[in-house]
Amino acid sequence: MSNTILVTGGAGFIGSNFIHYWLRRYPEDKVINLDLLTYAGNLDNLKDIENNSNYKFVHGDICDTNLVDDIVKEVNLIVHFAAESHVDRSIMNSADFIRSNVEGTRVLLDAARRHNIRFHHISTDEVFGDLGPNDPLFNESTPYNPRSPYSASKAASDYLVRAYFHTHKLPITISNCSNNYGPYQFPEKLIPLFVTNLIEGKKVPLYGDGQNIRDWLYVEDHCRAIDLIVHKGRIGETYCVGGGTEKTNLEITKAILKLMGASEDMIEYVKDRPGHDRRYAIDFSKIKNELDWEPQVKFEEGLAKTVNWYKENKKWWRRIKSGEYQKYYDKNMD
Ligand code: NAD
Ligand code: DAU
């Protein structure tokens, strides 16, 4: 049976990779992409499929109850990516994070409930807080301990999704994933910022002592995990998804410098992020045992592919970095 899917936030980094993945894998399915085109949403990510008759873009807000209801009654699956996603921005101003991540999720859940639609919620490992050097890895039973406004907003949305399962029996699943990287990632995040800065001959701003640890996953591996959860995951369950690739930020930086033939003099140690979590790492044995998922792309291979993508797609990120992007959309969108 073919599906009609609502993908929210499909013009962002993971959402656009997911739409490409999905239409390749399930060419008979129909995908509706609802995206507000905030600073992070970019229709250039989807240019190659804009004329695909099974793909439709709707410019709009997940907080818009009537619009969301109109779309949800046409679909049989919702995969919910739309969110404010950058921790540093949430530290400067958390208002949009509460609005889109919490209220937006509530609006979608209510529409899903009215029409009894299967709902998959994309979340983050940041809801679990901070790991010490000898702590066990995050898993599905790790208590929530969000410590940035971003992760607090994602934790609130996760709790709402769980509550709609327990209270209203809405058929939901949740995935909590570690740091993604790959093509189309907005150049404010560590890897694309550093790669594009180096192409431009600029230094790379490493926070604090560079010893914070993240667990990196190539974006296509994440898309495959979501596919499996949507099709075979147990309703009401949470799945932790990770790359099994713990690296300090300094290790990542050195790997990028090496791939780009740049010297370590290009590192500029800058003031630390306030409340900067020291370490995240995921135990993905549940999804491995239940759904036979594990990462397929090795970090060295994924990083090399990513660096090449940014080298080959300078127009994509130069427009964003120059600010021309916003002007382009102000002119082209209603
Ligand atoms: P992103 O910032 O690149 O994209 C977010 C998209 O959501 C943008 O296209 C934006 O326009 C859209 N959006 C924001 N508010 C909206 C609203 N009110 N209505 C409609 N659209 C709206 O984010 P990303 O990195 O692709 O992350 C996608 C999801 O995955 C988020 O929920 C994030 O919390 C989660 N996540 C991200 C990572 C990661 O490493 N990037 C890891 C784990 C989980
Ligand atoms: O763990 C999953 C999360 O990963 C997602 O939920 C978030 O949406 C996503 O943005 C990402 O959050 P991080 O804060 O880990 O990603 P970011 O790329 O902003 O930073 C990665 C690490 O690099 C972090 O320890 C901070 C550091 N950093 C980041 C930037 C932008 C720097 O040292 N310098 C920088 O300029």
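Student: What makes a residue part of the surroundings of ligand 1?

Tutor: One of its heavy atoms must lie within 4 Å of the ligand. In this predicted model, 28 residues surround ligand 1, and Ile14, Asp35, Ser85, Tyr150 and Lys154 are the closest. Local features here need pLDDT of at least 70, and side-chain atom pairs count only at pLDDT 80 or more. Residues are numbered from 1 along each chain as its sequence is written, and side-chain values use heavy atoms.

Student: Why is the link between serine 85 and ligand 1 called a polar contact?

Tutor: A polar contact is a pair of N or O atoms within 3.5 Å. An N or O atom in the serine 85 side chain is 2.7 Å from a ligand 1 oxygen, so the pair qualifies. For the side chain of lysine 154, the value is 2.6 Å, again to an oxygen of ligand 1. Glycine 12 uses a backbone N or O atom, 3.0 Å from a ligand oxygen.

Student: How do you know how much of ligand 1 is covered?

Tutor: Accessible areas come from the Shrake-Rupley method with a 1.4 Å probe. Ligand 1 has 830 Å² on its own, and the protein covers 97% of that.

Student: What makes Ile191 and Val195 members of a nonpolar core?

Tutor: Such a core is a set of buried (under 20% relative accessible area, 1.4 Å probe, protein chains only) Ala, Val, Leu, Ile, Met, Phe, Trp, Tyr and Cys residues joined through side-chain atoms within 4.5 Å. The largest has 28 residues; Ile191, Val195, Ile256 and Trp316 touch the most other members. A second, separate core has 25 residues, including Ile5 and Leu37.

Key. Chains are lettered from A and ligands numbered from 1 in the order in which they are written. Buried means under 20% relative accessible area, exposed over 50%, partly exposed in between (1.4 Å probe, protein chains only). A polar contact is a pair of N or O atoms within 3.5 Å; within protein, one must be able to donate a hydrogen and the other to accept it, and residues adjacent in sequence count only if both atoms are side-chain atoms.
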